[in-house]
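Here are a few quick notes to read alongside the model. I've stuck to the overall picture and a handful of charged pairs.

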Amino acid sequence: MHFVAPLYLAGLLAASIPIIVHLVGRSRARVRPFAAIDFIVRSNRRVARRLRLRELLLLALRALAAAGLAMVLAKPYVEAATDLPASIGRPQSVVLVLDNSASMGYRLGGDRLYDLARRRARQVLDLLGREADAALVLGAEGDVAAAGDAAGQRVGAPVNELTTDRLRLRRAVDEAPLSARATDIPGALRRAAQILGHSARAERRVIVLTDLTAAGFGDGDAPWPPGSGPEVTVIDVSRGAPLPNRAVTGIKVDPAPELGPRGVRVTAAIANHADKGATKVPVSLKVGPRIVARGFVDLPPQGTAQKAFHHAFPAGDLFDVSVELDEDALPVDDRRFARVEVRREIRVLLVDGDPRTVRQEDELFYLETALRPGDRSESQLAVAVVTADELARRNLAEFDVVFLCNVKALPAARVAELEGFVRKGGGLFVALGDNVDPDAYNGGMAALLAQPLRVAHEAALEPTARPEGGAEPRSAGERLGPVDPRHPILNAFAGGAEGLRAARFRRYMLLAPEADPRGRERGRPGEAGRHTVLRYESGAPALVEGQLGRGRLLLFTSSVDREWNDFPIRPGYLPLMQQAARHLARSPLREPEPGGIAGGVYAVPLAAGDARLEIRLPDGVTRLYEPAEVLGHEVFVFRDTEEPGIYRVQAAAAGQSLRERASAAFVINVDPRESDLRHLAPQKVPTGGAAKAGAKPEAGRRRVELWHGVAALLLLVMLGETFIVRRG
């Protein structure tokens with residue numbers, strides 16, 4: 001035992017004062033027998049023994065009170081081993097890195113690791129010397145606003161500057177929220193180094209309070225060169241205990257034709273991050289708030305397994321689904337969310353502008369095959385074919401999309417019908433060819449064109465593309481330029497979109513330049529807007545999108561057969577034509593999990609004219625954005641993605657009320673890396689400046705104060721003494 005002020009121990013001598021007073025004050029009168037009161041003395045002898053016991057008890061309590069006061073003033077304490085450095089009490093600059101990532105929500109022995117980390121952070125603040133200054137950084141801060149920041153702007157560390165204000169630091173530790181983000185300890189260390197760079201003190205230190213999972217430290221570059229930077233002390237709040245965990249790490253959605261046109265197969269990836277396998281682990285599929293299927297899965301140790309659910313959805317287009325496990329020690333990753341689009345059958349009318357008796361030479365041979373493949377249940381497209389002369393006998397209201405393929409200029413009555421069809425929400429795809437006269441189209445069919453036509457263009461000749469026999473040289477053609485997969489038609493193409501770029505276009509139509517009514521190129525279609533979806537390598541438009549009323553227009557500047565190109569025999573032809581049909585019918589294919597990761601940013605698509613936007617978080621809290629933040633933008637960058645779940649979107653044009661936009665709703669899930677709680681290898685734990693000297697940091701000792709307990713006992717002694725005196 002040690003004492004802060006050992007001189008006060010001299011006060012222990014005061015404990016002898018009550019004893020001395022008692023001994024000196026004892027009665028010394030001579031005892032003489034007196035027969036008259038002998039009877040009374042004998043009758044009170046029992047009472048006298050009780051009084052003597054009371055006096056001895058009072059004597060002991062008063063002696064303890066005097067000794068206890070001296071002990072309190074001397075402030076006794078004991079020392080115990082600690083994972084903090086021995087120099088923690090010296091004048092220095094310290095940055096606390098508090099890991100608030102999703103994995104810190106793990107419950108160990110009834111307490112969350114995050115609560116243990118905050119407790120240790122408060123202990124560190126208590127142990128810092130009076131002259132030390134400190135700051136606080138979060139280990140999963142990221143680049144977005146914390147939950148509750150209505151402005152949605154990035155916030156810095158809770159205390160992003162060095163200060164000696166312990167009250168402010170403790171309050172920041174208490175108020176720092178546990179997030180669902182992924183851990184980024186290297187990023188936090190870099191921010192800590194920036195803060196310490198402004199310190200004038202020679203001794204600088206970073207103390208990291210974390211669960212020490214390997215995923216949180218990453219495999220990237222170190223925060224600073226080896227042997228440099230501040231000294232780093234990593235405190236594992238889990239104390240190296242194993243952290244077994246099960247999680248839903250992915251959802252895949254596929255059609256299930258055997259269940260009918262609305263049948264869907266939902267396949268969940270279940271991970272077991274434990275050294276022991278598990279059998280018959282319950283898994284549930286929810287559609288909205290209702291459980292529609294249950295099952296079991298066997299999980300190997302430190303492995304994954306797949307669980308497939310089959311479900312036939314009711315009427316409707318978009319559904320919120322989730323796959324859930326029974327809650328374990330880390331509940332945040334026991335469920336994963338997705339949005340499922342149950343595709344309705346799209347009715348497509350193909351208008352053949354160049355019918356042939358030989359099927360392979362027909363204008364629609366390749367297009368009809370692409371839109372109506374062998375597995376019709378997969379395409380969900382109902383295709384009808386007519387010639388240009390038969391178009392007048394078809395009711396356009398029975399179709400969602402019309403393809404005009406190498407059709408000669410139509411009569412005014414047909415053009416008016418098609419214009420009305422598009423204005424009411426239909427889709428029109430115009431493909432060109434030898435039958436298309438640019439002047440006739442611009443004169444009578446301008447309303448159906450996303451951009452006016454100019455002249456047919458032959459691609460540049462290639463010297464190696466000369467046929468034998470002295471015939472006229474023929475161009476190998478021009479390729480498509482870089483593909484932007486963000487457009488709904490192109491989001492099925494990954495990487496370099498080689499399936500599209502492999503095609504060669506020998507001939508295509510150049511388009512007349514026309515000023516966009518909005519004065520700019522639009523990133524997404526809108527009223528009176530135009531967007532070039534695909535370009536050739538020369539920069540000329542290949543696929544242009546426009547809007548007419550409530551409907552969409554697509555203009556393909558080459559042919560859909562092999563007359564002007566070899567595109568129909570390339571792998572990109574089928575998905576492009578199917579996606580174009582779905583986009584025109586406002587029924588594009590959707591990814592089963594189109595959302596983002598907690599703590600990241602999400603681009604919310606905006607429609608033309610959107611002036612106000614409201615996003616409702618999974619917990620019901622809403623974020624409202626006004627015209628200054630919304631108007632004129634193609635997407636809205638949303639940053640408040642702290643909570644996993646379904647985010648609802650409402651939008652409105654200027655002067656109109658907000659309306660639900662179901663197609664814009666999105667999901668946010670936990671980063672699967674947060675589910676793997678295996679500890680970082682000891683040799684990979686950062687040490688910073690401690691490694692410069694080639695010596696291990698000095699082992700620390702922490703002080704355990706005892707005087708608080710002594711003071712509490714002193715109070716009890718004094719209360720007991722008072723009670724006995726009053727009862728006497």
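**Notes on the fold and its salt bridges**

1. Let's begin with Arg501, which is buried at 16% relative accessible area. In this predicted model, Arg501 pairs with Glu537 in a salt bridge, with 3.4 Å between the closest N and O atoms. The two sit 36 residues apart in the chain: Arg501 belongs to helix α12 (residues 498–501), while Glu537 lies in the loop between β23 (530–535) and β24 (541–548). Glu537 is partly exposed, at 46% relative accessibility.

2. Next, a strand-to-strand pair. Arg205 and Glu231 form a salt bridge at 3.0 Å, N to O. Arg205 is in strand β8 and Glu231 in strand β9 (residues 231–236), 26 residues apart. How accessible are the two partners? Arg205 is buried, with a relative accessible area of just 1%, and Glu231 is partly exposed at 21%.

3. Then there's Glu203, in a salt bridge with Arg90 whose closest N and O atoms are 3.3 Å apart. This one spans 113 residues, from the loop between β2 (76–82) and β3 (93–98), home of Arg90, to the loop between α6 (185–196) and β8 (204–210), where Glu203 sits. Arg90 is partly exposed at 42% relative accessibility.

4. Worth a look together: Arg90, Glu203, Arg205 and Glu231 belong to one network, joined by salt bridges that share partners. The structure has 31 salt bridges in total.

5. For the wider view, the protein has 15 helices and 34 strands. Of its 728 residues, 47% are buried. Among contacts with a separation of 6 or more, 73% are between residues 24 or more positions apart. About 36000 Å² is exposed, 54% of it from carbon and sulfur atoms.

Terms used. Residues numbered from 1 in each chain as written. Predicted model: local features only at pLDDT ≥ 70, side-chain atom pairs only at ≥ 80, totals over all residues. Heavy atoms only, no water. Helix = DSSP H or I, 4+ residues; strand = E, 2+ residues; numbered from the N terminus. Buried < 20%, exposed > 50% of the residue type's maximum accessible area, 1.4 Å probe, protein only. Contact = heavy atoms within 4.5 Å. Areas by Shrake-Rupley, 256 points an atom, 1.4 Å probe, with all protein chains shown as cover. Salt bridge = Lys/Arg side-chain N within 4 Å of Asp/Glu carboxyl O.
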